[in-house]
Amino acid sequence: MLQSLPAPSHVLAVQLSSDLSGDDVRQYKALLHTHVQQPERLGLLIDMSDLNDMAMGTLAPGVRADLDLLKHASQFDRLALVSDKHWPGLLLRMAGPWLHGMQLRQFASAEREQALQWVAEAAVEQTVVVLPPALRLIPTTSEGLLAFEIDGPISRASVASVLPQIQAFLDRHEHIDVLAHFKHFGGIEPALYLQPGLLQMKFKAIPKVARYALVAAPGWMDTLAHTLRPLLGDMQLRSFTESELAQAWEWLAAQPR
């Protein structure tokens, strides 16, 4: 069952208990839709203290509800999960890199009032600073090498700015090499997961890649890439540290221009 909790108008607060039904998911989506129409920054509190299970029939609508939240994640400053269980904290740590800009915290069931107060705190007004794009294509001496650098949080806008160039590169080549240099990985804007054409482009690119060099990738990303390696066909995948950047370029028989 899903129950809406008393909260300030800029906070979406719900409590989950017993089995979560499809009607509950639809109610949550309606509440979310109402809140995201507001111009102010939002907070989200989910009290999971009494949640025991989720009905199997809610899996599909639950996933769709998560996608609806991702569409509007940039409007939320803070997310609080209230639970005495261990796994919600693990979930928050896993979600952190993908919810760039949102503060995430778990509170014990006895701390629900503190959790509500925390998510309700107004966002601190900050000076807007225009930063260079975090995703930048690197010109190289090899016609068949797609090289890019990540330095900061990856936004939907930064990906959209280079997507046509990457698509044109893939259309020109049957076989390619890739170098990804992570100078600083600042997370991923949630709206990027809904970027039109991005997933299709990735599936189109994978069979073409002969060699893939990961340079200074975050540990979790490096582990995931090598775990999925058996699914990538004949692709050669190698990881390099920041100090081994020159070795990565040498392995790909190319240099930056």
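**View 1. Arg211 and its salt-bridge partner Asp177 in the predicted model.** Arg211 is partly exposed, its relative accessible area being 21%, a value that falls between the limits of under 20% for buried and over 50% for exposed. In this predicted model, Arg211 forms a salt bridge with Asp177, and the closest N and O atoms of the two residues are 2.8 Å apart. The pair links distant parts of the chain, since Asp177 belongs to strand 8 (residues 176-188) and Arg211 to strand 9 (residues 209-215), with the two positions 34 residues apart in sequence numbering. Asp177, for its part, counts as buried because its relative accessibility is 12%, which lies under the 20% limit.

**View 2. Surroundings of Leu146 in strand 7.** Leu146 is a residue of strand 7, which covers residues 145-154, and with a relative accessibility of 13% Leu146 counts as buried. When neighbours within four places in sequence are set aside, the contacts of Leu146 are Leu137, Ile166, Phe169, Asp177, Val178 and Leu179; Asp177 in this list is the residue that forms the salt bridge with Arg211. For Ile166, the separation from Leu146 is 20 residues in sequence, while the C-alpha to C-alpha distance is 8.0 Å.

**View 3. The salt bridge between Asp47 and Arg112.** The side chains of Asp47 and Arg112 meet in a salt bridge with an N to O distance of 3.0 Å. Because Asp47 is part of strand 3 (residues 42-54) and Arg112 is part of helix 4 (residues 112-120), the pair ties together parts of the chain that are 65 residues apart in sequence. Asp47 is buried, with a relative accessible area of 3%, whereas Arg112 is partly exposed, with a relative accessible area of 27%.

**View 4. The salt bridge between Arg172 and Glu143.** Arg172 and Glu143 form a salt bridge in which the closest N and O atoms are 3.8 Å apart, a distance that is within the 4 Å cut-off. This pair, too, links distant parts of the chain, with Arg172 in helix 5 (residues 156-172) and Glu143 in the loop between strand 6 (135-137) and strand 7, 29 residues apart. Both Arg172 and Glu143 are exposed. Side chains of opposite charge can pair when their charged atoms come close. A search of the whole structure finds 5 salt bridges, among them the pair of Arg172 and Glu143 shown here.

Notes. Residues numbered from 1 in each chain as written. Predicted model: local features only at pLDDT ≥ 70, side-chain atom pairs only at ≥ 80, totals over all residues. Heavy atoms only, no water. Helix = DSSP H or I, 4+ residues; strand = E, 2+ residues; numbered from the N terminus. Buried < 20%, exposed > 50% of the residue type's maximum accessible area, 1.4 Å probe, protein only. Contact = heavy atoms within 4.5 Å.
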